[in-house]
Amino acid sequence: MKNHIHLLGGSGKIGTSFCESLKNKKLDGIDNVWVYCDGSKTSNRIDLIPNNNNEITIIYKNYASFNLDRLVNEKFLDKKSSNIIINLRGVNNKRDWLNKPLEALDIQLQSCLNIIDSDFNLFPNTKIIHISSQLCELIEGNHSLPEICDGEDSYRHAYMISRLHQESILKAYAYKYGIETRFIRLLAVYGYFDDYNSPWILNTLIKQFSREGSITLRKPGTTTWLTHKNILVDFLRNAVLDFSKNSFESNVSYLECPKIGLKLETLSKIIEKCIIDK
């Protein structure tokens, strides 16, 4: 039986890091990886990864190619194959939410409809890993949305609801067709070469100290959660391996990525010390 990974939204930072890790170290038992992204990013690119005497193939395709009939007709799949769908597709960029909110909401919805309309539920050995957001936990907590969004950027309300909506759609899909689905609620990920361009809390504090010589916090007791990209990639690799080997456990479950939590007051002191010492 062939084992395939379908990486939706795989041309972004996390997807690219995951594929780079496959080039450095193969995943045992995985035969093919299909990376789905915008057509302009595919460029008919194919990367071959040694796997003992065989080869794992990473093929870049556009989103329209993520369709059961199409893949079967092209002789990529058969009913005996095992398919793990990793859904990374979504809009995380703050600027996109602020400048193109309707387009951002549409992409969030399409990322799930792409899975539902693919007819992969017709193949019994299909499993899904969906990358969501840790902010969903805030909505499910004890505070109201106005309290959660108080003083935050205007896009946060829509972003959080769109992420929870994604989970609701894929949960319904999982329960209807008995597809084992695991959710990973992602926190802030750092360690990329362009971190300095990312508009999130760590950069905000660094820039404030560099500009003003001090850091002023509105909510110093708030905890921010972080993980490094290499830790996330290793976590994803292990999740895929576990998923490919285990028998059915439950329709819906949540996986928790290793993380570190720091109060903003503590984080600001670390930043100040690092910059001063340097």
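The numbered points below describe the strands, an aromatic cluster, two loop residues and a pocket in this predicted model.

1. A good place to begin is strand E1, which covers residues 3–8 and pairs with strand E2 in the parallel sense over five bridges. Within this pairing, Ile5 stands opposite Val33 of E2. The connection can be followed along the chain as well, since E1, helix H1 (residues 13–24) and E2 together make a right-handed β-α-β unit.

2. Strand E1 also pairs with strand E5, again in the parallel sense, and here the pairing runs over six bridges. One of the contacts to look for in the structure is that of Leu8, whose bridge partner in E5 is Asn87. Strand E5 in turn pairs with strand E6 in the parallel sense over five bridges, and in that pairing Ile84 stands opposite Lys127 of E6.

3. How many of the residues of strand E2 are buried? Six of the six residues in E2, which spans residues 32–37, are buried, and the strand is therefore largely enclosed by the rest of the structure. In a regular strand the side chains alternate between the two faces of the sheet. In E2, Asn32, Trp34 and Tyr36 point one way while Val33, Val35 and Cys37 point the other way, and all are buried.

4. Strand E5, made of residues 82–87, can be read in a similar manner: six of its six residues are buried, so this strand is largely enclosed by the rest of the structure. Ser82, Ile84 and Ile86 point to one side of E5, whereas Asn83, Ile85 and Asn87 point the other way, and all of them are buried.

5. Val33, a residue of strand E2, is worth a separate look, because its relative accessibility of 1% makes it count as buried, for which the limit is under 20%. Although Val33 and Asn83 are 50 residues apart in sequence, their C-alpha atoms are 9.8 Å apart in space.

6. A search of the whole structure finds six aromatic pairs. In one of them, the rings of Phe66 and Phe120 have centres 5.0 Å apart and planes at 15 degrees, and because planes under 30 degrees apart count as stacked, this pair is stacked. The pair links distant parts of the chain, 54 residues apart, with Phe66 in the loop between strand E4 (54–62) and helix H3 (68–73) and Phe120 in the loop between helix H5 (101–116) and E6. Both Phe66 and Phe120 are buried, and ring pairs link Tyr36, Phe66 and Phe120 into a cluster.

7. Two loop residues deserve a check of their backbone angles. Lys75, in the loop between H3 and E5, has a phi near 65 degrees, which is a positive value in a residue other than glycine, and with a relative accessible area of 74% Lys75 is exposed. Asp119, in the loop between H5 and E6, likewise has a positive phi, of about 70 degrees, although it is not a glycine; Asp119 is partly exposed, with a relative accessible area of 30%.

8. Where are the residues nearest the centre of the second largest pocket? This pocket has a volume of about 220 Å³ and is lined by 16 residues, of which Ser82, Pro124, Asn125, Thr126 and Lys127 lie nearest its centre. Strand E6 (126–133) and helix H10 (229–245) each supply at least two residues of the lining, which divides into seven nonpolar, seven polar and two charged residues.

How values were computed:
Residues are numbered from 1 along each chain as its sequence is written. This is a predicted model: local features need pLDDT of at least 70, side-chain atom pairs count only at pLDDT 80 or more; totals for chains, interfaces and linings use all residues. Side-chain values use heavy atoms; hydrogens and water are left out. On a 1 Å grid over the protein atoms alone, a cavity is a set of points where a 1.4 Å probe fits but cannot get out, and a pocket is an open set with protein on both sides within 12 Å along at least five of seven lines; lining residues have an atom within 4 Å of a point. Grid points are joined across faces, edges and corners, and a volume is the space filled by probe spheres set on the points. Helices (H or I, at least four residues) and strands (E, at least two) are DSSP runs, numbered from the N terminus. Ala, Val, Leu, Ile, Met, Phe, Trp, Tyr, Cys and Pro count as nonpolar, Asp, Glu, Lys and Arg as charged, and the others, Gly among them, as polar. Buried means under 20% relative accessible area, exposed over 50%, partly exposed in between (1.4 Å probe, protein chains only). Two strands pair if DSSP finds at least two bridges between them. A crossover is right-handed if, with the strands pointing away from the viewer, the path from the first strand over the helix to the second runs clockwise. Rings of Phe, Tyr and Trp (its six-membered ring) pair if their centres lie within 6.5 Å; planes under 30 degrees apart count as stacked, over 60 as edge-to-face and the rest as tilted.
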